[in-house]
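Colleague: Could you walk me through one part of this model, one step at a time?

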Amino acid sequence: PAAIILAAVLISIGIFFSHKINLPQTASLTKNQRNFQPVLNSYAPLFSLKTIQGTEMSLENLRGKNVLLFFWTTWCGYSEREIAGLKQFSDLYRNQIIVLAINVKENLSIVKNYAESKNINFIVLRDEDGKTAEKYHVKDTPYHFLIDKEGKITGVWPFYASMENLKFLIDELLKGEQ
């Protein structure tokens, strides 16, 4: 009986430590590692991109503000369906969140013409080489990341997001701020 109890204790300890080691420990990551870990409650990977007007914009400079990153392309039907909802969302939450629409790997003139034809009322950035999308592990568009004032990812929504989906993400974030 003592051998069985000892074996059970050792197995329990082994299970505990194997699970403990596999748990993500965001707080223990170095700053460099955090910049490349796009998971909930980790710091959002930093980037600096140009707007379609040519102004440089950095995520780091938006600390202290809530940010919604929307990765998209003009040729994606789901991205196109979502633009109207994002315009409403941007108007509704204008003083609470900044919407950054990051276009992935498309020609400036195409993106600029598209944004003008759709009367986009939020900031459109260009990820010319796709490196920012890679940092966020975005394989398909649309893709959304909600980033809090501290620069941490508090919500991730892959693929198409309705107005209700987006409101759910931001309402959860704003609840936490009160």
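Colleague: Which residues are exposed on the other side of helix H4, away from its buried residues?

Modeller: This is a predicted model, in which local features need pLDDT of at least 70 and side-chain atom pairs count only at pLDDT 80 or more, while totals for chains, interfaces and linings use all residues. Residues are numbered from 1 along each chain as its sequence is written, and side-chain values use heavy atoms, leaving out hydrogens and water. In H4, a helix being a DSSP run (H or I) of at least four residues and a strand one (E) of at least two, both numbered from the N terminus, the buried residues are Val 111, Tyr 114 and Ala 115, where buried means under 20% relative accessible area, exposed over 50%, and partly exposed in between, with a 1.4 Å probe and protein chains only. On the other side of H4, the exposed residues are Glu 116 and Ser 117.

Colleague: Why are the buried residues of H4 said to lie on the same side?

Modeller: The buried residues in H4 are Val 111, Tyr 114 and Ala 115. They lie on the same side because the arc they cover around the axis, taken from the directions from the helix axis to the C-beta atoms, is only 95 degrees.

Colleague: How many bridges join S4 to S5?

Modeller: Strands pair if DSSP finds at least two bridges between them. S4 and S5 run parallel, with Leu 100 standing opposite Ile 123 in S5, and the number of bridges joining them is 5.
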